[in-house]
Amino acid sequence: MTEVTDMPDDAARRPRLRALATATTLAAALLVILVPAAAPADADPPEPPPADEARPDAPDAPGLALYVPPGMDRELVDWGLQTDLGSGLAGSFPLAMLEALAVLDPEGFGATPEEAYRRFGWLFLEGRPRLPVGIVERRALGMRVHNFNCLACHAGEEPPATPGGRGHLIIGATNRTVAFADWYGEVIGRVRQIALQATAEAGLDLDERGPEGTVASICRTLKREAAIAKVVARFIIAARRGLRARGSRLELLDAIAIWMSVRSLADDENGPPEPPPPERSNGPGRTIVAGAYRALRFGLEPGPFAPIKPPDLFGVPYRESLLWAGVEVHPEGRSPAEQIGRNGMLVPWIQMHPLTRRPVADRVTIARMRRYLKMGELLAASKPPPAPAPTTDAERALMKRGAVVYGETCSDCHGSYRLEPETRPDGGPGLRSTPVDYEEVLIDIEEIGTDPAYGRSLDQDFLDAFLATEFAKQNVLGLRETNAFVARPHLGLRLRAPFLHNGSVPNLRTLLTPPAERPDRFAVGWGVPIDRDAVGLALIEEAAGSTAGDGRWNTRVGQHLRDARVSGNRATGHPFGTDLPEADKRALLEYLKRL
């Protein structure tokens, strides 16, 4: 008998076979909920501890106090902490998947989702121990998911002014500690790592694929679906245990969310990207939105490695633009709140849907514009808290001299400021800074000399692709090419470290040294202390545990080593003030830390 290897009508049959196999996978996984004994015994983690020994909802680290500046509506703050961007499943992680990771890999991931969030620099408010700032737990199509909003990047920490004091959450400040892209890569990477391990133990292959049109290909498809079912079952069992430890339970839709996540990962033929080498990692306090927009939304090459700090929003009412390169264009008369809200509508371009593997459609985001404008209203009201006032005659004299040096060295580009007494959030004496004559200035990249990678990523191809979007057609906002960087106002300057658009300089003392003498490497992250005299991060040139065995930074110590020799990370340019006498530099720093 001749072996049958070809199926003429395979093209018609294959979608039905795949749908049948997928449905079988889902049904088998859901049996784990209904009949726990059906799962393999070796895949079932131990039962949770008794209720009185159950793990806490969060680590012991205290949360930050919330600073609400004059003029900011507290009800609007509460809304901002609890609302999402309306992107549904796009860009979200199922709660059940996070709980499962904590059970399956407590050492690598964290014993709880809260601990995992903290390891990657997410900030927590006092009285809100389960969810970090900028993460919202909601239901999308009935599934419990975690998604992010604008406060993930645009709410930062002011450390306590004195040892033992309380730190404060400052809305509108850049979050210098959160490793946003690394967090998403960590969750996806660990899901895949556990999935590959689970299927290998069963002698299956998650990546099993074969040529279409053969009996063998159908067998491979069924074998692959068996591998996916094995993985889904393991995650469902672990999620059930994690949720039970909280006094909650695994719902049917939680199980479906796990299946969707595993299915999405398995169907991605390229798999998740390999973690970048440490020197090319975004690390804490940065994103690569330009490269992500190019690749995910426009289908272009990602372009150069061009990390960027999310800009603080304190000076927006005094500016014409928001972004570092001043590339966005708004009609005259558009309010700061509306500018911020409309700029925020670009964020869904990096929120991928787990099934379609496409960003949120522009028309969907435009339909939710009112939500973005309301978030813009909150962020436009942001102000830095008053800076600590000088407490000795020597400090006051030095600050007075620093104001003169600032006027001679910095004010032409960054404006001048009025300092007035105002009590700080901790009750101590403070100084409130207010711009007097700031006018936005764009400085050509060649003149400023800072790393040009970000500017180059916003090239003509990027602008042409943007013009084809619904955002451009419906005048949500416009874009232009500037080949320049904005000289930003210095409100809350002490809260912006590390400095320059790419976070390549740890503190202002270092920025006042000639570019060639700035450190090649320095530590960033939640484990790096603040040096108030240097105005910024303490200079640590050999970060503890910065190159973990898997090529990623060690989140247990919170110190990631940033390599300023790498294109995109370079600490070049901004030579202004570097030739001042040392005494004038000290005076200037004394003034700058009061802004």
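In which sense, left-handed or right-handed, does H2 pass H11 at their crossing? The tour reaches that pair at its third stop.

**Before selecting anything**

This is a predicted model, in which local features need pLDDT of at least 70, side-chain atom pairs count only at pLDDT 80 or more, and totals for chains, interfaces and linings use all residues. Residues are numbered from 1 along each chain as its sequence is written, and side-chain values use heavy atoms, with hydrogens and water left out.

**Stop 1: the whole chain**

Select the protein chain and show it by secondary structure. It has 19 helices and 17 strands; helices (H or I, at least four residues) and strands (E, at least two) are DSSP runs, numbered from the N terminus. Of the 595 residues, 56% are buried, where buried means under 20% relative accessible area with a 1.4 Å probe, protein chains only. The accessible surface is about 25,300 Å², and carbon and sulfur atoms account for 54% of this area; the areas come from the Shrake-Rupley method with a 1.4 Å probe. Among contacts (heavy atoms within 4.5 Å) between residues at least 6 apart in sequence, 74% join residues at least 24 apart.

**Stop 2: strands S4 and S6**

Select residues 143-148, strand S4. Because 6 of its 6 residues are buried, S4 is largely enclosed by the rest of the structure. Met143, Val145 and Asn147 point one way, and Arg144, His146 and Phe148 the other. Two strands pair if DSSP finds at least two bridges between them. Add residues 135-140: this is S3, joined to S4 by 6 bridges in an antiparallel run, with Glu137 opposite His146. The S3-S4 hairpin has 2 residues between the strands, and Leu141 takes a positive phi near 55° there. Next add S2 (residues 93-94), which is antiparallel to S4 over 2 bridges; Pro94 has Val145 as its bridge partner.

Now move to S6, residues 168-171. Its two faces are both covered, with His168 and Ile170 buried on one side and Leu169 and Ile171 buried on the other. S1 (residues 65-67) pairs with S6 in the parallel sense over 3 bridges, whereas S5 (residues 155-158) pairs with S6 in the antiparallel sense over 4 bridges. Select Leu169 to see both pairings: Leu66 stands opposite Leu169, and Glu157 has Leu169 as its bridge partner.

**Stop 3: two helix pairs**

Select H2 (residues 74-82) and H11 (residues 369-380). Their axes come within 10 Å and cross at roughly 125°; axes are lines fitted to C-alpha atoms, for helices over the stretch in contact, and angles run from 0 to 180 degrees between N-to-C directions. H2 and H11 are therefore oblique to each other. The opening question is settled here: H2 passes H11 in a left-handed crossing, meaning that the near helix is turned anticlockwise from the far one by less than a right angle. Display Leu76, Val77, Trp79 and Gly80 of H2, which meet residues of H11 including Arg371, Met375 and Leu378.

Then select H12 (residues 393-409) and H19 (residues 582-592). Their axes are 7 Å apart, at an angle of about 100°. H12 and H19 are therefore roughly perpendicular to each other. Under the scheme used, angles under 35 degrees count as roughly parallel, over 145 as roughly antiparallel, 65 to 115 as roughly perpendicular and the rest as oblique.

**Stop 4: a sheet of 3 strands**

Finish with the open sheet ordered S8-S10-S9, paired antiparallel. S8 (387-388) and S9 (417-423) are its edge strands, each pairing on one side only. S8 is joined to S10 (residues 429-435) by 2 bridges, and Ala387 has Leu431 as its bridge partner.

Notes:
Buried < 20%, exposed > 50% of the residue type's maximum accessible area, 1.4 Å probe, protein only.
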